[in-house]
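Me: I am new to this structure and should be grateful for a close look at a single part of it, namely the surface and the charged side chains there. Please set out your reasoning as one connected account.

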Amino acid sequence: MMENKEEQYQKLGISPEVLRLGEASEKRVKKQFAKVEEIAEYNQLKVIYAMQKNRISDIHFANVSGYGYTDLGRDAIEAVFAEIFQGEAALVRPQIMSGTHALALAILGNLKSGDELLSVFGKPYDTLDEMLGIRGNCAGSFLDFHLSYKQVDLLEDNSIDFDGIEAAIGEKTKLVLLQRSAGYSSRGAFSIEILEKVISVIKQKKQDVICLVDNCYGEFVEEKEPLEVGADLIAGSLIKNAGGGLVQSGGYVIGKENLVNHAAYRLNAPGLGREIGANFGMNLSLLQGIFFAPIVVACAVKTAIFAADIYEHMGYEVKPSSTQKRSDIVQGIVLGSEKKVLSFCEGIQSAAAVDSFVKPEAESMLGYDSSVIMAAGAFVQGASIELSADAPMKEPYIVYLQGALTWYHGKLGVLKSVENILNV
Ligand SMILES: *Cc1c(COP(=O)(O)O)cnc(C)c1O
């Protein structure tokens, strides 16, 4: 049996030597994996409970077209998401095109001329720059609508500036943005426990400020979600964690009912909120996706822990470490050279089930000051809950790895990257 497995790995380009490195790593991370399984089990039950409570049935899988007034599945899906994430209401739609779009709806729907948004963990995710007016002068941005943007940077050791946050909340502060995931920065994700502390400091200073958590990459990594610890609103993408790898497009905004309605007015039209919008036959995959999501997220987290451990043992700096508590699915590995980044990404790409024969190349990209390389062989274009890696081609040559729909695929991808790195 063992020999057969080794042969199978060899056919996929993994040498017996690298396979053994992987086996040693798997032994070392047993405890962390057990914890991940525990969280997955808890979250799976949470999802099943939400589906039972909302009496999900095959009537909800029906394809509805046109205005969608009678899309029962859409309404049931939103009730299921609201229950899972503990919000009063949810907007879960294929018409929300990305995580950025979901965040834009939550933000622009809830601000009025003169209001200020405060980001408390430094600069938010790059794709929000134009809306916030940090970069460029785009029509419809904060500049156009007389909204202001302020940020409190993290302290030098990447810890949270609690005093700075308290001082920054003022008369005009209407909405505070908290990004759970590190995204592509070296700061590390902030756990639910930390979010709870920060939100309580914010609310003590100003009770009625809206706390919006950018929940992208964070869903189901822990047992609790941000709305359970005081957040008012969360937003995220369905081609990341919450879609379970099955959803082809979509995003969500969940939280206080009036705030979600405002986001829906933004998506649709003022006065026409959540009651309209057909899901075009996507209800089945939305429900199957959220059903599988806890398990898929567990596979992604295992892949990240495994990568952290194996690269730590090869002498590389990794963020987070293999034993650190996690609140997102992203793994940073400091490779230190352009050649190694290239080999790593080629390894991830060549391990894919889709587009394994493609060679990723570094390319200059809008909004980045260096060229960027991305490796992804995905069923759904750009779905970063699937095994993928990307890196800006600049010092310190750090590659960000995320996803894997199954643990075995994640393991193969990491082993393939190791095989490549050892042969640089
Ligand atoms: C991915 C991501 C976004 C943006 O989502 P897109 O779907 O890429 O637009 C925002 N914030 C964080 C933390 C993310 O990981």
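Reply: A residue is called buried when its relative accessible area is under 20% and exposed when that area is over 50%, while partly exposed covers the values in between. The model shown is a predicted one, and every value below is computed from it.

The surface offers a starting point in Leu-246, which belongs to the loop between strand E6 (233-237) and strand E7 (251-255). Leu-246 has a relative accessible area of 36%, and it is therefore partly exposed. Together with Phe-291 and Phe-292, Leu-246 forms a nonpolar patch on the surface, whose accessible area comes to about 240 Å².

Val-260 offers a contrast in its accessibility. This residue is part of helix H9 (residues 257-267), and it counts as buried because its relative accessibility is 0%.

The charged side chains can now be considered. Side chains of opposite charge can pair when their charged atoms come close. In this structure there are 20 salt bridges, and three of them are described here in turn.

One pair begins in helix H9, the helix that also holds Val-260. Glu-257 forms a salt bridge with Arg-274, with 3.2 Å between the closest N and O atoms. Glu-257 lies in helix H9 and Arg-274 in the loop between H9 and helix H10 (283-313), so that this pair, 17 residues apart, links distant parts of the chain. The two partners fall into separate classes: Glu-257 is partly exposed because its relative accessible area is 37%, whereas Arg-274 counts as buried because its relative accessibility is 16%.

Another pair joins two strands. Between Lys-150 and Glu-116 there is a salt bridge in which the closest N and O atoms are 3.7 Å apart. Lys-150 is found in strand E3 (residues 148-151) and Glu-116 in strand E2 (residues 116-119), so the salt bridge ties together parts that are 34 residues apart in sequence. Lys-150, at a relative accessible area of 33%, is partly exposed, but Glu-116 has only 8% and is therefore buried.

The pair of Lys-35 and Glu-38 stays within one element. Both residues lie in helix H3, where three residues, about one turn of the helix, separate them. Their closest N and O atoms are 3.8 Å apart in the salt bridge. Lys-35 is partly exposed, as its relative accessible area is 41%, and Glu-38 is also partly exposed, with a value of 46%.

Helix H3, which carries this pair, can be placed against its partner helix. The axes of H3 (residues 30-53) and H4 (residues 72-85) come within 9 Å of each other and cross at roughly 140 degrees. This angle makes H3 oblique to H4. The crossing in which H3 passes H4 is right-handed.

Salt bridges may also join several residues. Lys-123, Asp-126, Asp-129, Glu-130 and Arg-135 are linked by salt bridges in a network.

In summary, the nonpolar patch includes the partly exposed Leu-246. Among the charged pairs, one lies within helix H3, one connects strand E3 with strand E2, and one links helix H9 with the loop that follows it towards H10.

Technical notes. Residues numbered from 1 in each chain as written. Predicted model: local features only at pLDDT ≥ 70, side-chain atom pairs only at ≥ 80, totals over all residues. Heavy atoms only, no water. Patch = residues over 30% accessible without salt bridge, like charges linked within 9 Å, V, L, I, M, F, W, Y side chains within 5 Å. Areas by Shrake-Rupley, 256 points an atom, 1.4 Å probe, with all protein chains shown as cover. Salt bridge = Lys/Arg side-chain N within 4 Å of Asp/Glu carboxyl O. Helix = DSSP H or I, 4+ residues; strand = E, 2+ residues; numbered from the N terminus. Buried < 20%, exposed > 50% of the residue type's maximum accessible area, 1.4 Å probe, protein only. Axes fitted to C-alpha atoms, helices over the stretch in contact; angles between N-to-C directions. Parallel < 35°, antiparallel > 145°, perpendicular 65-115°, else oblique. Left-handed = near helix turned anticlockwise from the far one by under 90°.
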